Amino acid sequence: VADLGADLDRYLQGKPVLARAYRPWERAWKFVYRNRTAAVASVAVAASLITGIVLAARSARHAAQEQQKAAADRQRAAISARQAEDQQQKAATARNMADNRFQSEVDDLAHVLSDLQAMHGLPGNDAARRGGLEKALKSLEQLMKEAPGDQRVRFLHANAWQQLGHIDSRDTGGPDNTKRGIELLKKAKAEYEKLRSEERRVGKE
């Protein structure tokens, strides 16, 4: 009877009774039931810790992803910068080559015109000079399309007009040639005057 009373008291207190064997989980449940406040507090603390761990892990993973993205962006930016630098170097090389070619052609035409000018007055050379000058004019016109404002090319162009104008203006082949020669001389004179005017304007500045 005493054991029965003790078990009854234990049952009312939520404790395991001695008359039967309890499984571990039943004992744990009764312990939690008897200490509900502490159990709830423990669960809350555990949940808070787990939440904190999860959030910290997510934050760390997000930070790592951001770092990887930033590193990838820096790498792409570096590659783009190198590519842009390479393109600039290629463009500069191409410009230098084009400038060298241009200047070489101008130098060649200057020598040709000088040689043709040296032939002036020699008998029987007008036909040869005319052919050379007409070819030079075509080349100079092409160069003027490439560099419309180049003063040296414009000067050589005017010089070719002038030489061809002198040949045609005294040509005995007919009035058309003479008229063409006079027009070429006028064009050459106008271009020379324009060039001198530009030089004076630049000198004043």
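Partly exposed, in the legends below, means a relative accessible area between the under 20% of buried residues and the over 50% of exposed ones. The model shown is predicted.

**View 1. Overall fold: the chain has 6 helices and 0 strands.** Read from the N terminus, the order of elements is α-α-α-α-α-α. The chain holds 205 residues, and 21% of them are buried. The close-ups that follow draw on helix 3 (residues 36-118), helix 4 (residues 126-146), helix 5 (residues 151-169) and helix 6 (residues 175-204).

**View 2. Arg152 and Asp107 form a salt bridge.** The chain has 9 salt bridges, counted with a side-chain nitrogen of Lys or Arg within 4 Å of a carboxyl oxygen of Asp or Glu. In the pair shown here, N and O lie 2.7 Å apart. Arg152 sits in helix 5 and Asp107 in helix 3, so distant parts of the chain, 45 residues apart, are linked. How accessible is Asp107? Its relative accessibility is 30%, so Asp107 counts as partly exposed. Arg152, at 38% relative accessible area, is partly exposed as well.

**View 3. Glu134 and Arg180 pair in a salt bridge.** Their closest N and O atoms are 3.8 Å apart. Glu134 belongs to helix 4 and Arg180 to helix 6, so the bridge ties together parts 46 residues apart in sequence. Glu134 has 33% relative accessibility and therefore counts as partly exposed. Arg180 is partly exposed too, because its relative accessible area is 35%.

**View 4. Glu191 meets Arg154 in a salt bridge.** The closest N and O atoms of the pair are 2.8 Å apart. Glu191 is in helix 6 and Arg154 in helix 5, so parts 37 residues apart in sequence are tied together. Are these partners buried or exposed? Glu191 and Arg154 are buried. Elsewhere, salt bridges with shared partners join Arg130, Glu134, Asp168 and Arg180 into one network. For Glu191 the relative accessible area is 14%, which means buried because the value falls under 20%. The side chains of Glu191 and Arg154 are also joined by a polar contact of 2.8 Å.

**View 5. Leu140 of helix 4 is a buried residue.** Its relative accessibility is 0%, so Leu140 counts as buried. How far is Leu140 from Ala160 in space? The C-alpha atoms of Leu140 and Ala160 are 9.0 Å apart. In sequence, 20 residues separate Leu140 and Ala160.

**View 6. Leu164 is a buried residue of helix 5.** The relative accessible area of Leu164 is 0%, so Leu164 is buried. Which residue lies 35 residues from Leu164 along the chain, with 8.0 Å between the C-alpha atoms? The residue is Arg129.

**View 7. Four residues gather in a patch of positive charge on the surface.** The members are Lys189, Arg196, Arg200 and Lys204. Where is Lys204 placed? Lys204 lies in helix 6, and residue 204 closes the span of that helix. Lys204 has 75% relative accessibility, so this residue counts as exposed. Helix 6 also holds Glu191, whose relative accessible area of 14% makes this residue buried.

**View 8. Val45, Leu49 and Ile53 make a nonpolar surface patch.** What is the area of this patch? The patch covers about 310 Å². Val45 belongs to helix 3, residues 36-118.

Terms used
Residues are numbered from 1 along each chain as its sequence is written. This is a predicted model: local features need pLDDT of at least 70, side-chain atom pairs count only at pLDDT 80 or more; totals for chains, interfaces and linings use all residues. Side-chain values use heavy atoms; hydrogens and water are left out. Patches are made of residues with over 30% relative accessible area and no salt bridge: like charges are joined within 9 Å, nonpolar side chains (Val, Leu, Ile, Met, Phe, Trp, Tyr) within 5 Å. Accessible areas come from the Shrake-Rupley method with a 1.4 Å probe; for residues, only the protein chains shown count as cover. Lys and Arg count as positive and Asp and Glu as negative; His and the chain ends are not counted. The place of a charge is taken as NZ of Lys, CZ of Arg, CG of Asp or CD of Glu. Helices (H or I, at least four residues) and strands (E, at least two) are DSSP runs, numbered from the N terminus. Buried means under 20% relative accessible area, exposed over 50%, partly exposed in between (1.4 Å probe, protein chains only). A polar contact is a pair of N or O atoms within 3.5 Å; within protein, one must be able to donate a hydrogen and the other to accept it, and residues adjacent in sequence count only if both atoms are side-chain atoms.
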